[in-house]
Amino acid sequence: MRDNHYFLLPNKHRKFEQILYSDILYLQSNSNYTLIHLQDGSVKISTKTLLFHINNSLNENFIRIHRTFCVNKNYVQNFNVTENTDFLQIRGGIQLALSRRKRREILQKKSLELSNKNQIIEEIN
């Protein structure tokens, strides 16, 4: 059973560091590691893959938006469409790539409340 408040990050002393889920902006895949980006601007490194964390560690507030990124949906602020790529903008003006496949999935699940949702739905149809 997953704790609803804390993400447990193993440290080098075979103990766990507790990180509040609400402190995590997003997770980023980096080969066999995962970078955990926090609200205060710091980055923690996990020796587990992003897929491991998605399957075992994260609560329902996180959604995978790309093979490289998993975001805390509470911090999503906007959806930006460019000529070649779609982006989710999260707190702090950070833009993360959104895959085409995940865009459709996110909208169908209605997981994110985006200001320009009607425009996006028209583009998909």
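Before selecting anything, it helps to fix one term: a residue is called buried when its relative accessible area is under 20%, exposed when that area is over 50%, and partly exposed in between, with a 1.4 Å probe and protein chains only. The model on your screen is predicted, so local features need a pLDDT of at least 70 and side-chain atom pairs count only at pLDDT 80 or more, while totals for chains, interfaces and linings use all residues. Residues are numbered from 1 along each chain as its sequence is written, and side-chain values use heavy atoms, with hydrogens and water left out.

**The whole chain**

Start by colouring the protein chain by secondary structure, where you will find three helices and ten strands; here helices (H or I, at least four residues) and strands (E, at least two) are DSSP runs, numbered from the N terminus. Following the chain from the N terminus, you meet the elements in the order β-β-β-β-β-α-β-β-β-β-β-α-α. Of the 125 residues of the protein chain, 38% count as buried. Taking a contact to mean heavy atoms within 4.5 Å, 36% of the contacts between residues at least 6 apart in sequence join residues at least 24 apart.

**The five-stranded sheet**

Next, select strands β3 to β7, which form an open sheet in the order β5-β4-β3-β7-β6, with antiparallel pairing; two strands pair if DSSP finds at least two bridges between them. Because β5 (43-46) and β6 (62-64) stand at the edges with a single partner strand each, one side of each is left without a neighbour in the sheet.

Now narrow the selection to β3 (residues 24-30) and β4 (residues 33-38), which run antiparallel and are joined by six bridges. If you look across from Y26, its bridge partner in β4 is H37. In the loop between these two strands, β3 and β4, select S31, a residue other than glycine whose phi is positive, near 60°. With a relative accessibility of 58%, S31 counts as exposed.

**Y26 and the largest core**

Return to Y26 and show its surroundings: leaving aside neighbours within four places in sequence, Y26 is in contact with L35, I36, H37, F69, C70, V71, I90, I94 and L96. Y26 also belongs to the largest nonpolar core, where a nonpolar core is a set of buried Ala, Val, Leu, Ile, Met, Phe, Trp, Tyr and Cys residues joined through side-chain atoms within 4.5 Å. Among the 14 residues of this core, those that touch the most other members are Y26, I65, F69, V71, L88, I90 and L96. Two or more residues come from each of β3, β7 (69-72), β8 (76-81), β9 (86-90) and β10 (94-98), and β10 gives the most, with three residues. Apart from this core lies another, of twelve residues, including F7, I19, I24 and I36.

**Aromatic pairs**

Select the aromatic rings next. Rings of Phe, Tyr and Trp (its six-membered ring) pair if their centres lie within 6.5 Å, and planes under 30 degrees apart count as stacked, over 60 as edge-to-face and the rest as tilted. By this rule, there are three aromatic pairs. In one of them, the rings of F7 and Y21 have centres 6.4 Å apart and planes at 75°, so this pair is edge-to-face. The pair links distant parts of the chain, with F7 in strand β1 (residues 6-10) and Y21 in the loop between β2 (16-20) and β3, 14 residues apart. F7 is buried at a relative accessible area of 0%, and Y21 counts as buried at 4% relative accessibility. Another edge-to-face pair is formed by Y26 and F69, with 6.0 Å from centre to centre and 70° between the planes. Since Y26 lies in strand β3 and F69 in strand β7, this pair ties together parts that are 43 residues apart in sequence. Both Y26 and F69 are buried. Finally, add F62 to the selection, as ring pairs link F7, Y21 and F62 into a cluster.

**Two loops to finish**

Select H66, which is found in the loop between β6 and β7 and counts as buried at 19% relative accessibility. Leaving aside neighbours within four places in sequence, H66 is in contact with A97, L98, S99 and K102. Then select K73, in the loop between β7 and β8, a residue that is partly exposed with a relative accessible area of 26%. The C-alpha atoms of K73 and L25 are separated by 8.5 Å, although these residues are 48 residues apart along the chain.
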